[in-house]
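Could you walk me through this model at bench level? I would like to hear about its pocket, its core and one polar residue.

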Amino acid sequence: VQLQASGGGLVQAGGSLRLSCAASGSFFSINRMAWFRQAPGKGRDLVAFITGGSSPDYAGSVKGRFTISRDNAKNTVYLQMNSLTPEDTAVYYCNCNIQSSAWSSGYDYWGQGTLVTVSS
């Protein structure tokens, strides 16, 4: 299983970006799909997550500005980021909990990270 993230880049404050993360390989199902971020010199923090059967949840700092969604047919999770501020500058990582078979437990996989830089 591999996760391929894309969509990062340089944007001015107030702008928008859309991140994508596609899972590939052989597996049974994807349970939770999430985005984390790690700012320079800081730890990795949860930004948002979405499961198959419940409403998405967000970190307080991004609530109302970011939207997480998933396309199960494409095994892809998205993060629409609006009203970006310099404080959103970070490497963004996708994380998926994936079951290899119907009787196995889920395992967490990570994408390679995509850099988002917001200029003031």
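Here is our short exchange about this structure.

This is a predicted model, where local features need pLDDT of at least 70, side-chain atom pairs count only at pLDDT 80 or more, and totals for chains, interfaces and linings use all residues. Residues are numbered from 1 along each chain as its sequence is written, and side-chain values use heavy atoms, leaving out hydrogens and water.

Me: Which strand supplies the largest share of the lining of the largest pocket?
Reply: Happy to help! A pocket is an open set of points on a 1 Å grid over the protein atoms alone, where a 1.4 Å probe fits, with protein on both sides within 12 Å along at least five of seven lines; lining residues have an atom within 4 Å of a point. Strands are DSSP runs (E, at least two residues), numbered from the N terminus. Both β4 (29-38) and β5 (44-50) supply at least two lining residues, and the largest share, three residues, comes from β5.

Me: Which strand gives the largest share of the largest nonpolar core?
Reply: Such a core joins buried (under 20% relative accessible area, 1.4 Å probe, protein chains only) Ala, Val, Leu, Ile, Met, Phe, Trp, Tyr and Cys residues through side-chain atoms within 4.5 Å. Among its 29 residues, W35, V47, F66, I68, L79, M81 and Y92 touch the most other members. The largest share, five residues, comes from β9.

Me: Is Q99 buried or exposed?
Reply: Q99 sits in strand β9. Its contacts (heavy atoms within 4.5 Å) beyond four places in sequence include F27, F28 and S104. With a relative accessible area of 14%, Q99 is buried.

Note on methods. Helices (H or I, at least four residues) and strands (E, at least two) are DSSP runs, numbered from the N terminus. Buried means under 20% relative accessible area, exposed over 50%, partly exposed in between (1.4 Å probe, protein chains only).
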